[in-house]
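Colleague: I am new to this structure and would like to go through it by question and answer. Could we take one place at a time?

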Amino acid sequence: MTEELEGILSQLTQPDNAVIQQATAQLKQAFKDPAMIPALCAVMSGSQNPEIRQSAAVMLRLRVKKHWNKISPNDRESLKAVVLQAFAVETEHKVQHSLSQLCAVMVKHETPDRWPALLQLLNQSTKSTNPHDRRIGLLLLNKVIESNPEPFKPHYCQLLQLFSTVLQDYDNPPALYYCILTLTAITAYTGTEEMKEMRAIIPRLIVALKHLIKADQEQASEAMEVLIELMEIEVSIIVPHIADIVRFCLEVGSDTALSDSLRVKALSCITFLIKLKSNSVLKLKLLGPILQSIFPILTAAPPAGEQDPEDEEDDCGDPTDSDNPKHSAAQMIDTMALHMPPEKLFHHLVPLTQACLTSENPYQKKGGLMCLAVLAEGCADYIRSKMLPSLLQTVCQSLSDSNRVVRSAALFALGQFSEYLQPEVSKYCAELMPLLLGYLSSLSEAKIGHVTKVFYALENFMENLGSDIEPYLSTLMETMLSALNNMENLKIKELAVSAIGAIANAAKELLVPYFPPLIESLNGFLTATTEEMRPLQNQSLDTLAVLARTMGKDVFGPLAAECIQLGLKLTDAIDDPDLRRCTYGLYSAVSTVSPESLTPHLTAITTVMQLALKSNEGITAHLEEDKTFVLLDDDDDEDNGVGEGGKTEEDFLEDEPETDIHDFAGFSVENAYIDEKEDACDAMGEIALSTGAAFQPFLESSFQQVFEMRDFPHEDVRRAALGALGQFCRAQHKVWTENPTEANHQALLKLLDVVVPCFVETVRADRERLVVMAVLETMSSVIKSCKEEVFRNPSHLTEISHLIRDVLKKKTTCQGSGNDEADDEDEQAEYDAMLQEFAGEVIPLVTSSVPADKFAPYLNDLLPLIMSKAKSSCTVADRSFSVGTIGEILHALVNVSGGQGVAARLSNRLLTVLVAGVKDNDAEVRNNSVFGLGCLAQAAGPLIVSDYPMMLSVFSNMLGKESDLRVIDNLCAALCRMIMSNVDAVPLEQVVPVLVSHLPLKEDQEENQTVFKCLTIIYERSPALVVKLLKPIVAASSHVLGHKDVDTETQRTVVALMKELAQKHGAEFQVAALSLPAELQTKLGAAINSS
């Protein structure tokens, strides 16, 4: 059979499809013969043709992988012996590679200890004096350990000693390469007993990598993955060597003679290190040297006659997206901004950036602008409070620069600023909008890459303008509608459609006059059928969703049912994950204005979305074993043919390393499928909440599918899934409140019992801060909606309280818990502070959901952690968060049972912090402190009367010198809270005239509710005092009536008070009313005469 088999295998190497297919059929038949395994063994070790030996090894590997249990014990033993003999005498590298992979698959079934001959061969070959033998031994070692790291654990210490020696074998680069790959494979499985050896190996590892770079840059780039693996799995191993690793990576990253991919790998190692160990980098004083090294990379000019990828005419992407050293340098600064205290970062960055921006060289200027752009997200507070005007001036000047490279970078920077530095950036509307509109006026002759950047900046800037967009609206809409109707270029049409969505987000009902022509233009794109129109079609669906949310039910409602039908029709006809994703967004948006239009289609809609979550499309396809010989397995379908696409035998025998679904490489493949999963989760959650009872038949199946996604490898999918789980809880709560049956209540409690522990676990264990922040925010929304129901299970109160405590103490995984570095409490990255703010926001919500005495022990634990952030040495954001959270907790205690006693017990501790806060230099801190003092008076009631004189004195001093309008509004509200809580303890004759003289409220319209409730109480208590102040009180009331930011309940309170005064004190009221401007007199008259 051996000769016959060899004949068939040689036919597989022919470049003729018909011959290959015939040989395949013969092989399939041959595999039914039990003698096939011994025959393959004979060919693998005896054929003169290396390609045939390799084919036999690959076939055996696939056979062993799938059918080990079907191979007889005798054949197994002989196979174990033959493969090692074949390996020992083989001279061709590709055959050695296939044989080592065959051994690796066999070790999966036979543990190393049940194959002593393998261990013996590894031992001999890796320690051989012959360099070739060592190299081949290390190849075999690498393959068997990579596929089964754990069974070799008892041999790790011995292996590390071997590696320590091999890493000095500088004249044998392949040996270094296989050694480092094997070290990478065992890193995740090492324990404390291997730590010492692992640490000792690092210096040799760095030197070995340097030698490998000289020999083979591609292998060196792959081998450098060991540094990332060590950081990710066991960062403490590399801590003593951080400085050496950084210096080595900077050396490689800065060397322009090396390949881009190797330089990118080196720079990404430093970026990853900064993410994990920013404090160590700062303590070792490495920040300065890193920046000094990467700025020349960031500002490098491209080779003569070339452009940077993002400056090429047809580029449409984000300038920090693609993989080259310049972008890696920008990403490193971005990571620094997200993970380092801004003060420390800017100390080093400012001189470097200023030098770039004042240079005449366009690439220096571009580098400076890119640097400013990537700082905006992580250092938003710092930039907003300390340097925004000067940075915007720089960007504005650069927008008019004579060089297009500089203008493009300025547009990117403006887009980033507009996204992350709100609301302050929008205040520069008058300066920036004319510049951006100037760019738009020359759309037709501009290069597409540049136009993309113009639209990026314009969209991000417009989106947050609100009604300030009005003066520019007609110009903007004329330009956009003209682009839709007259431009030939599909990309420009797509950008215009996207921009209309941004305009709608700002303009809202101001856009209504443009709605009919807009829908008419979009209609043509929405029903397109050609592939080239797909991006424009998808963008039109996205913009239609924005219009649904912004135009309101009256305008958009009539189109709602049609939109749902359009979405379903499109997804039926076209199999495209991007298109499906856009329809989910449309369904979701429509559900907020017209939930009833979704009801008839919920079966179809939820089915498509659940399938998207179940699907492995785009994720696992490229991980499957190459299909070469799968057809040779007896249980495969008959129609699985080889030779597909005219491939030759060599193509089939390209041996891929075996991969597993959790291999992250898998997620760079088809991002569209990842985005689809994310948007399916987001949409399902919102649709469940909007449609309420109609969604009930689909809640359980949707919940199960989304729940499966909670630990998906991609962070955006996890975030969306966990958000949807929260929405499902809120949806069930809404159903129960509308139909309070026991079954609905039990269903809610059951959901909460699954979801709350899931949230707690994620916050503790997830590595990504953005996921953790999103879960904390979702947890807040669930507690806000479901209130005490969340705490029916008594363990939830303990779990959530302890969780918040641990976030405030930085004890979760994403905060670097377990790191051996103590944080400098007063200096941290803004995102770390933001994470704690999200946790802090949960505390007042819990306070308002459970009886005060039940929560008091936990509150006693949490308050010192909150109060510690009020120190004068803390950042403004921390101080504002501290006193703001205290105020919200006290506000929550006003309405819960036992709240008064708890507030009184806390009053001495809190008074000190709040009184210090009202003297702060920052208006927001003063504002929050004043609010807190008012809420303390309201919550503790008569129990803190002894502190009233001191509080009144503090407020009186403040009113004398305060200039910030919002703070003055809150001072008025705080005085009102004191009066309402304890009217006898306030000298009304002195306080009320001062209070009334500061009305109407200018900024904080919400507090009108507090003010007018209080004036009503004062009137009941002391009518004469109110009548004496009637003119300013009537004037203030007339400003509140009909005000768009004042709720209807407050309006009713004002109208009732005015009616009472007009009725009982007609003459005085008439005089007061006549002193008003005519327009306000009319409004007041109409209110009083209303029924």
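Colleague: Which helix holds Ala-502, and is Ala-502 buried or exposed?
Modeller: This is a predicted model, and in it Ala-502 belongs to helix H26. Beyond the residues up to four places away in sequence, Ala-502 touches Glu-459, Met-462 and Glu-463. Because its relative accessibility is 2% and the cut-off for that class is under 20%, Ala-502 counts as buried.

Colleague: How far apart in space are the C-alpha atoms of Ala-502 and Asn-460?
Modeller: Along the chain, Ala-502 and Asn-460 are 42 residues apart. In space, the separation between their C-alpha atoms is 7.4 Å.

Colleague: Which helix gives the largest share of the largest nonpolar core?
Modeller: That core has 386 residues, and the members touching the most others are Leu-205, Leu-227, Met-433 and Phe-556. Its largest share is 11 residues, and these come from residues 490-507, which is helix H26.

Colleague: Which residues does Met-433 contact, leaving aside neighbours within four places in sequence?
Modeller: Met-433 is one of the four residues named as touching the most other members of the largest nonpolar core. With those sequence neighbours left aside, the contacts of Met-433 are Leu-458, Phe-461, Met-462, Leu-465, Tyr-472 and Leu-476.

Colleague: Is Lys-265 buried or exposed, and which backbone oxygen does its side chain reach?
Modeller: Lys-265 sits in helix H15, residues 260-283, and it is buried because its relative accessible area is 17%, where the cut-off is under 20%. Leaving aside neighbours within four places in sequence, Lys-265 is in contact with Ser-221, Met-224 and Glu-225. The side chain of Lys-265 comes to 3.0 Å from a backbone oxygen, that of Ser-221.

Colleague: What is the relative accessible area of Leu-1084?
Modeller: Leu-1084 is placed in helix H53, residues 1078-1089, and, not counting residues up to four places away in sequence, it touches Val-1034, Leu-1041, Met-1058, Phe-1069, Ala-1073 and Leu-1076. Its C-alpha lies 8.2 Å from that of Ser-1037, although the two are 47 residues apart in sequence. Leu-1084 is buried, with a relative accessible area of 1%.

Colleague: At roughly what angle do the axes of helix H17 and helix H19 cross?
Modeller: H17 passes H19 in a right-handed crossing. Residues making the contact include Ala-330, Ile-333 and Ala-337 of H17, together with Cys-371, Val-374 and Leu-375 of H19. The axes of H17, residues 325-339, and H19, residues 362-378, come within 8 Å, and they cross at roughly 35°.

Colleague: Where is Gly-816 found, and how far in space is its C-alpha from that of Lys-277?
Modeller: Gly-816 is in the loop between helix H38 (794-808) and helix H39 (830-840), and at 23% relative accessibility it counts as partly exposed. Gly-816 and Lys-277 are 539 residues apart along the chain, while their C-alpha atoms are separated by 8.2 Å.

Colleague: What feature does UniProt place at residues 387-427 and 910-948?
Modeller: Residues 387-427 are 71% helix and 0% strand, with end C-alpha atoms 14 Å apart. Residues 910-948 are 69% helix and 0% strand, and their end C-alpha atoms lie 14 Å apart. For these two spans the unreviewed UniProt entry gives the feature "repeat: HEAT".

Colleague: Which UniProt domain annotation covers residues 23-89?
Modeller: The span 23-89 is 81% helix and 0% strand, and its end C-alpha atoms lie 29 Å apart. The unreviewed UniProt entry annotates it as "domain: Importin N-terminal".

Note on methods: Residues are numbered from 1 along each chain as its sequence is written. This is a predicted model: local features need pLDDT of at least 70, side-chain atom pairs count only at pLDDT 80 or more; totals for chains, interfaces and linings use all residues. Side-chain values use heavy atoms; hydrogens and water are left out. A nonpolar core is a set of buried Ala, Val, Leu, Ile, Met, Phe, Trp, Tyr and Cys residues joined through side-chain atoms within 4.5 Å. Buried means under 20% relative accessible area, exposed over 50%, partly exposed in between (1.4 Å probe, protein chains only). Helices (H or I, at least four residues) and strands (E, at least two) are DSSP runs, numbered from the N terminus. Contact means heavy atoms within 4.5 Å. UniProt positions are given in the numbering used here, feature names are shortened, and annotations may be inferred rather than shown by experiment. A polar contact is a pair of N or O atoms within 3.5 Å; within protein, one must be able to donate a hydrogen and the other to accept it, and residues adjacent in sequence count only if both atoms are side-chain atoms. Axes are lines fitted to C-alpha atoms, for helices over the stretch in contact, and angles run from 0 to 180 degrees between N-to-C directions. A crossing is left-handed if the near helix is turned anticlockwise from the far one by less than a right angle, and right-handed if clockwise.
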